Amino acid sequence: MAPAVRKLDSAMKLWVDADACPRAIKEVIYRAAERMKIQTTLVANQFLTVPKSPYIRAIQVPGGFDVADAHIVAEIGTGDLVVTADIPLAAEVVSLGAVALNPRGTLYTEENIQSHLARRNFMEELRATGTITGGPLILARTDIQSFANQLDRYLTKQTGK
């Protein structure tokens, strides 16, 4: 059973699947949270140091497979934004009425999440058979800029700021 989701009249929140989130992306998020005055929560199964801010907090969850993901899913509301590179988490987030953004600037929505999930599953099969090896490319400066631009567009549209 899916968790209850906050109503649309609640203020939008920004959630970060922080265990694998690159430092450069976190820095962009911190600046955006301050500038836009958006409640931002980083969730990880390790201790995180975050800037002292009324808008930014970190939650450490117990270690274990997908524990941080489960916490985010239990807490998000309709219209919230979740930053994650985890496509299955993004699919769950979108199914609950929220939106996901990956660290390379791809916005996952109801319109496109199924194609991203299918591509991810196909690539997983290719890796499992040894047809391809390796993971994603190293995060480039252009990826960070793309993320920052997409985050700014989304937050501006949602908050009107």
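Helices here are DSSP runs of H or I with at least four residues, strands are runs of E with at least two, and both are numbered from the N terminus. With that settled, open the viewer and come along.

**Before you click**

This is a predicted model, in which local features need pLDDT of at least 70 and side-chain atom pairs count only at pLDDT 80 or more, while totals for chains, interfaces and linings use all residues. Residues are numbered from 1 along each chain as its sequence is written, and side-chain values use heavy atoms, with hydrogens and water left out.

**The whole chain**

Start with a cartoon view of everything. You should find five helices and six strands, and following the sequence gives the pattern β-α-β-β-α-β-α-β-β-α-α. The chain has 161 residues, and 40% of them count as buried (buried means under 20% relative accessible area, exposed over 50%, partly exposed in between, with a 1.4 Å probe and protein chains only). Switch on a surface if you like: its accessible area is about 9,100 Å², with 55% belonging to carbon and sulfur atoms (computed by the Shrake-Rupley method with a 1.4 Å probe; for residues, only the protein chains shown count as cover). As for contacts (heavy atoms within 4.5 Å), take those between residues at least 6 apart in sequence: 53% of them join residues at least 24 apart.

**The sheet**

Now select the strands alone. In what order do the six strands lie in the open sheet? Going across, you meet β3-β2-β1-β4-β5-β6, and the pairing is mixed (two strands pair if DSSP finds at least two bridges between them). β3 and β6 (107-108) stand at the edges with a single partner strand each, so one side of each has no neighbour in the sheet.

**Strand β1**

Select residues 14-17 and show side chains. Leu14 and Val16 point one way from β1, Trp15 and Asp17 point the other way, and all are buried. In a regular strand the side chains alternate between the two faces of the sheet. Next, look to both neighbours of β1. It runs parallel to β2, with four bridges joining the two, and parallel to β4 (residues 81-83), with three bridges. Trp15 is a good residue to click: its bridge partner in β2 is Thr41, and its bridge partner in β4 is Val82. Asp17, in turn, has Val43 as its bridge partner in β2. From β1 the chain crosses through α1 to β2, and this β-α-β crossover is right-handed (with the strands pointing away from the viewer, the path from the first strand over the helix to the second runs clockwise).

**Strand β2**

Move one strand over. Thr40, Leu42 and Ala44 point one way from β2, while Thr41 and Val43 point the other way. Five of the five residues of β2 are buried, so this strand is largely enclosed by the rest of the structure. On to β3: five bridges join it to β2, and the two run parallel. One of the pairs to pick out is Thr40 with its bridge partner Ile56 in β3.

**Helix α1**

Select α1, residues 23-36. This helix has 14 residues and reaches 20 Å from its first C-alpha to its last, close to the 20 Å expected at 1.5 Å a residue (the expected span is 1.5 Å times one less than the number of residues). Which residues of α1 are buried? Colour Ile25, Lys26, Val28, Ile29, Tyr30, Ala32, Ala33 and Met36. The buried residues of α1 pack against β1, β2, β3, β4 and α5 (141-159).

Zoom in on Lys26, which lies in this helix. Lys26 is buried, with a relative accessible area of 13%. Leaving aside residues up to four places away in sequence, Lys26 touches Ala18, Cys21, Leu42 and Leu48. Try a distance label too: the C-alpha atoms of Lys26 and Pro103 are separated by 9.3 Å, though the two residues are 77 apart along the chain.

**Two loops to finish**

Most residues other than glycine have a negative phi. Step just past α1 to Lys37, which takes a positive phi of about 55°. Lys37 lies in the loop between α1 and β2 (40-44).

Your last stop is Asp66, in the loop between β3 (56-60) and α2 (67-75). Its phi is near 60°, a positive value in a residue other than glycine. Is Asp66 buried, partly exposed or exposed? At 35% relative accessibility, Asp66 counts as partly exposed.
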